[in-house]
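Visitor: Please show me the sequence and the model, and then take me through the fold by question and answer.

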Amino acid sequence: MSFICSSCKEEASQLYTDTIVSSLFIVVGMRFHGNHKFTKYDNVTLEFEPTNQYDENAIKVMVDGIHWGYVAKDNNKCIGDLMRQYPKYHVSTDRIMNYNLSTKLDFEYSQNICEKCSNWVLGATLLGIYPSPSDL
Ligand SMILES: [Zn+2]
């Protein structure tokens, strides 16, 4: 029996499913939505807003169902693609960074990848150069 690696698309006899990949993104617009300051304890969720008149790729950033900001325009296409591709994603606040007008959060998802890619991704994540070699 063989599987297809979701990273290199090659066949592998065994896939690793516990590889958590994380991709940093910026949240903006809080000053228009109650000046929320995100904390480590926030349960952050993301929601597409296809009706947004300024940006069809807009993604709302919510905490407990309340809309506090948006994924920055520079990041929202990439994060949107990841949301569709990895619906079981999780937004982590472990490495949260708050700036004056923006906040940096982690988009985390697990991949089914082969051993070779697993080694590569772990190294790349540590260096902060993931998502994928083709993006570089
Ligand atoms: Zn692979």
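Visitor: Which residues touch the most other members of the largest nonpolar core?

Guide: The model is a predicted one, in which local features need pLDDT of at least 70, side-chain atom pairs count only at pLDDT 80 or more, and totals for chains, interfaces and linings use all residues. Residues are numbered from 1 along each chain as its sequence is written. A nonpolar core is a set of buried Ala, Val, Leu, Ile, Met, Phe, Trp, Tyr and Cys residues joined through C-beta atoms within 7 Å; buried means that 20 or more other C-beta atoms lie within 10 Å of a residue's own, exposed that 12 or fewer do, and partly exposed is in between, with C-beta atoms placed from the backbone. Of the 16 residues in this core, those that touch the most other members are Phe25, Val27, Val61 and Val71.

Visitor: Which elements give two or more residues to this core?

Guide: Helices (H or I, at least four residues) and strands (E, at least two) are DSSP runs, numbered from the N terminus. The elements that give two or more residues are β3 (16-28), β4 (44-48), β5 (59-63), β6 (66-71) and β8 (102-113).

Visitor: Which strands stand at the edges of the open sheet, each with a single partner strand?

Guide: Two strands pair if DSSP finds at least two bridges between them. The sheet has 6 strands in the order β4-β5-β6-β3-β8-β7, with antiparallel pairing. One side of each edge strand is left without a neighbour in the sheet, because each has a single partner; these strands are β4 and β7 (90-98).

Visitor: How many bridges join β3 to β8?

Guide: Within this pair, Phe25 stands opposite Leu105 in β8. The strands β3 and β8 run antiparallel, and the number of bridges joining them is 11.

Visitor: What angle does the direction of helix α1 make with that of β3?

Guide: Axes are lines fitted to C-alpha atoms, for helices over the stretch in contact, and angles run from 0 to 180 degrees between N-to-C directions. Contact requires C-beta atoms, placed from the backbone, to lie within 7 Å. Helix α1 (residues 73-85) packs on the sheet and touches β3, β4, β5, β6 and β8; the angle with β3 is about 150°.

Visitor: Is Lys9, with its positive phi, buried or exposed?

Guide: Lys9 is not a glycine, yet has a phi of about 65°. Its place is in the loop between β1 (3-4) and β2 (11-12). Because 9 other C-beta atoms lie within 10 Å, Lys9 is exposed.

Conventions
Two residues are in contact if their C-beta atoms, placed from the backbone, lie within 7 Å.
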